[in-house]
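Colleague: Before we discuss this model, could you put it on the screen, so that I can put my questions to you one at a time?

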Amino acid sequence: MNTSSSGAPRSGGHVEPAAIQDLVAANRILADQGVLDGYGHVSIRHPSAPNRYFLSRSLAPAIITADDIMEYDLDSNPVDQAGRLMYLERFIHGEIYKARPDVQAVVHSHSPTVIPFGVTTVKLRPIFHMSAFLGHNVPNFEIRDTAGMTDLLIREPKLGHALAHTLGDHPVALMRGHGNVCVGPNIMVAVYRAVYTEVNARLQAQAIALGGPITFLDPRECDAITNRKETNVQRPWQMWKSRVL
Ligand SMILES: [Zn+2]
């Protein structure tokens with residue numbers, strides 16, 4: 001049974017408070033790091049029910065608490081809305097979880113330095129080792145291809161589905177004139193990728209301003225870095241978390 005007598009989806013069941021606390025921390029970290037402002041959101045897949053996910057009610061990320069976290073099914077219907085306002089763009093999360101069984105966390109941001117790379121012919125490319133995960137083909141979602149002239153928001157499942165299709169098996173996709181999505185196998189990696197996508201964009205813009213040819217990471221360097229076993233995302237995660245909780 002996937003729905004209750006009220007027609008709302010059933011809960012995926014118990015979740016450890018630590019998982020919800022990490023989701024709260026992720027929201028605050030990304031606000032603290034300048035990736036999220038009053039807008040944007042972070043979700044995690046339900047750790048023991050892959051067809052459910054957790055996302056805050058519609059609220060600025062910097063002030064979210066555990067009580068604000070809501071559970072959704074992958075069509076982005078709330079298990080128990082309880083009168084709370086929901087993010088218009090929650091379909092980004094549900095549709096990516098449908099398309100990507102490997103993804104356990106999703107960040108959608110409007111992180112500002114990334115925007116120019118979605119609206120010009122300059123491709124976002126990995127400029128230093130911390131952003132090797134970007135690889136050499138960061139896809140760019142063009143909402144006009146699916147829906148023509150819109151307000152650019154992912155307001156319905158069809159648009160979330162199209163965005164997930166553009167993301168494909170990549171860790172990051174730009175959204176032309178809007179923002180980006182970063183995904184990961186856990187919340188720490190998704191947050192790390194969102195932070196360093198913004199940092200890479202800043203460094204790349206600085207390198208372009210200095211002029212002359214730019215030596216980006218070679219795809220083989222990207223592979224050597226991303227295939228390392230000892231990559232320690234715990235270290236920045238603990239530091240970022242200590243600043244916000
Ligand atoms: Zn947005």
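**Aromatic residues, core and metal site**

Modeller: Through ring pairs, Phe128, Phe133, Tyr192, Tyr196 and Trp240 are linked into a cluster. Please bear in mind throughout that this is a predicted model.

Colleague: Is the aromatic pair of Phe128 and Tyr196 stacked, edge-to-face or tilted, and which parts of the chain does the pair link?

Modeller: The count of aromatic pairs comes to six. In the pair of Phe128 and Tyr196 the ring centres lie 6.2 Å apart with 50° between the planes, and the pair is tilted. The two residues are 68 residues apart, and the pair links distant parts of the chain, namely the loop between α3 (115–119) and β5 (140–141), which holds Phe128, and helix α6 (residues 187–210), which holds Tyr196.

Colleague: Why is the pair of Tyr192 and Tyr196 classed as it is, and how are the two residues placed in helix α6?

Modeller: The ring centres of Tyr192 and Tyr196 are 4.8 Å apart and their planes stand at 45°, so the pair is tilted. Tyr192 is buried with a relative accessible area of 12%, and Tyr196 is buried with 14%. Because they are four residues apart in helix α6, Tyr192 and Tyr196 are separated by about one helical turn.

Colleague: Which element gives the largest share of the largest nonpolar core?

Modeller: The largest nonpolar core holds 67 residues, of which Leu30, Ile96, Ile154, Ile187 and Val191 touch the most other members. Beyond its neighbours within four places in sequence, Ile187 is in contact with Asp22, Leu23, Ala26, Val42, Ile44, Ala105 and Trp237. The largest share of the core is eleven residues, and the element from which they come is α6.

Colleague: Is Met188 buried or exposed?

Modeller: Met188 is found in helix α6, and, with residues up to four places away in sequence not counted, Met188 touches Val233, Gln234 and Trp237. Its C-alpha atom is separated by 22 Å from that of Phe91, which is 97 residues apart from Met188 along the chain. The relative accessible area of Met188 is 16%, and since buried means under 20%, Met188 is buried.

Colleague: Which residues does Asn27 contact, leaving aside its neighbours within four places in sequence?

Modeller: Asn27 is found in helix α1 (residues 17–32), where Asn27 counts as buried at 1% relative accessibility. With those sequence neighbours left aside, the residues in contact with Asn27 are Leu36, Val42, Pro61 and Ile64.

Colleague: What is the class of the zinc site, given the angles among its four donor atoms?

Modeller: The protein donors of the zinc ion are Glu89 (OE), His108 (NE2), His110 (NE2) and His178 (NE2), at 2.0 to 2.2 Å from the ion. A tetrahedral site would need all angles to lie between 85 and 135 degrees. The angles here are 99 to 138°, and the site of the zinc ion is therefore irregular.

Colleague: How many residues apart in sequence are the parts that Glu89 and His178 tie together?

Modeller: The donor residues are spaced E-x18-H-x1-H-x67-H in sequence. Glu89 counts as buried at 6% relative accessibility, and His178 is buried with a relative accessible area of 9%. Because Glu89 lies in the loop between β3 (69–73) and α2 (91–99), and His178 in the loop between β6 (172–175) and β7 (179–184), the pair ties together parts whose separation in sequence is 89 residues.

Colleague: Why is there no bond between the sulfurs of Cys182 and Cys222, and how many disulfides does the structure hold?

Modeller: Cys182 is buried with a relative accessible area of 0%, and Cys222 counts as buried at 4%. The cysteine sulfur closest to that of Cys222 is in Cys182, but the distance is 15 Å, which means that the two are too far apart for a bond. The number of disulfides in the structure is zero.

Colleague: What is phi at Ala82 and at Leu152?

Modeller: Most residues other than glycine have a negative phi. Ala82, in the loop between β3 and α2, is exposed with a relative accessible area of 57%, whereas Leu152, in the loop between α4 (144–147) and α5 (157–167), is partly exposed with 21%. Phi is positive in both residues, at about 50° for Ala82 and near 75° for Leu152.

Conventions: Residues numbered from 1 in each chain as written. Predicted model: local features only at pLDDT ≥ 70, side-chain atom pairs only at ≥ 80, totals over all residues. Heavy atoms only, no water. Phe/Tyr/Trp six-rings, centres within 6.5 Å; stacked < 30°, edge-to-face > 60°. Buried < 20%, exposed > 50% of the residue type's maximum accessible area, 1.4 Å probe, protein only. Core = buried A, V, L, I, M, F, W, Y, C linked by side-chain atoms within 4.5 Å. Contact = heavy atoms within 4.5 Å. Donors = N, O, S within 2.8 Å, 3.2 Å for Na, K, Ca; no water. Tetrahedral: all angles 85-135°; square planar, octahedral: opposite > 155°, others 65-115°. Disulfide = S-S within 2.5 Å.
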